[in-house]
Amino acid sequence: MAESKRRSEDAGDDRLNDETVDDVAADDATDAEEPVSRGGTATRARAKAESADDKKTRKDTDRVGLFARIGRFFREVVAELRKVIWPTRKELLTYTAVVVTFVAVMLTIVAGLDYAFAKGVLFVFGNPS
């Protein structure tokens, strides 16, 4: 009998602890829904600085010559190509085999459907010869 009382008392305490945990979890959920400020003043200052840069006249942007722009383009192309992870010979052959096989399978499917539809049209409308 004493044990059953203890168990019921313990169960009551557990329920009390569960309610407390649920209340804390509910408070955390409402905090998560509120927007978080991330220092908006710094971004506003940057936006103001960028808008000041946008006020440049057309003459400021046209000072770079045609050959300088072409040279810059090729330098940027080379810089981007250095970032590329080139496949090894084995990977390249594997990818090529996969593509050729896929194209061959799709070609077979399309040719089969074309043949079937052509025969179906001839069957429905008759052969005029």
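This short talk describes the fold, the surface and a few side-chain contacts of one protein chain.

Good morning. Please keep in mind throughout that the structure before you is a predicted model.

I begin with the overall architecture. The protein chain has five helices and zero strands. Read from the N terminus, its elements follow the order α-α-α-α-α. What share of the 129 residues of the protein chain counts as buried? The figure is 0%. A residue is called buried when its relative accessible area is under 20%. The accessible surface of the protein chain comes to about 12700 Å², and carbon and sulfur atoms supply 62% of that area.

Let us turn to helix 5, which runs over residues 89–125. How does the span of helix 5 agree with the value of 1.5 Å a residue? With 37 residues, helix 5 should span 54 Å, and the C-alpha atoms at its ends are 53 Å apart, so the two values agree. After helix 5 comes G126, which has a positive phi, near 85°.

A record adds something about this part of the chain. An unreviewed UniProt entry carries the annotation "transmembrane region" for residues 92–113. Such annotations may be inferred rather than shown by experiment. In the model, residues 92–113 are 100% helix and 0% strand. The C-alpha atoms at the two ends of that stretch lie 32 Å apart.

I now move to helix 4, which covers residues 66–83. How many salt bridges does the structure hold? There are two. One joins the side chains of E76 and R72, with a distance of 3.0 Å from N to O. The other joins E80 and K83, whose closest N and O atoms are 3.2 Å apart.

Where do these partners sit along the chain? E76 and R72 both belong to helix 4 and are four residues apart, about one turn of the helix. E80 and K83 are also both in helix 4, three residues apart, again about one turn. A general point about geometry helps here. Because an α-helix has 3.6 residues a turn, residues three or four places apart point the same way.

The accessibility of these four residues can be stated as well. R72 is exposed, because its relative accessible area is 52%, and the cut-off for that term is over 50%. K83 is likewise exposed, at 59%. E76 has a relative accessibility of 41% and therefore counts as partly exposed. E80, at 45%, is also partly exposed.

Next, the nonpolar side chains. L66, F67, I70, F73, F74, V77, L81, V84 and W86 make up a nonpolar patch on the surface. Together they have about 950 Å² of accessible area. One member of the patch, V84, is found in the loop between helix 4 and helix 5. V84 is partly exposed, because its relative accessibility is 36%.

Two other members of the patch deserve a closer look, namely F73 and F74. The count of aromatic pairs is one. In this pair, the ring centres of F73 and F74 are 5.4 Å apart and the ring planes stand at 70°, so the arrangement is edge-to-face. The angle that decides this is over 60 degrees. F73 is partly exposed, since its relative accessible area is 49%. F74 is partly exposed too, at 48%.

To close, I return to two points. The predicted chain consists of five helices without strands, and its two salt bridges both lie in helix 4. Thank you for your attention.

Definitions and conventions:
Residues are numbered from 1 along each chain as its sequence is written. This is a predicted model: local features need pLDDT of at least 70, side-chain atom pairs count only at pLDDT 80 or more; totals for chains, interfaces and linings use all residues. Side-chain values use heavy atoms; hydrogens and water are left out. Patches are made of residues with over 30% relative accessible area and no salt bridge: like charges are joined within 9 Å, nonpolar side chains (Val, Leu, Ile, Met, Phe, Trp, Tyr) within 5 Å. Accessible areas come from the Shrake-Rupley method with a 1.4 Å probe; for residues, only the protein chains shown count as cover. A salt bridge is a side-chain nitrogen of Lys or Arg within 4 Å of a carboxyl oxygen of Asp or Glu. Buried means under 20% relative accessible area, exposed over 50%, partly exposed in between (1.4 Å probe, protein chains only). The expected span of a helix is 1.5 Å times one less than its number of residues. Rings of Phe, Tyr and Trp (its six-membered ring) pair if their centres lie within 6.5 Å; planes under 30 degrees apart count as stacked, over 60 as edge-to-face and the rest as tilted.
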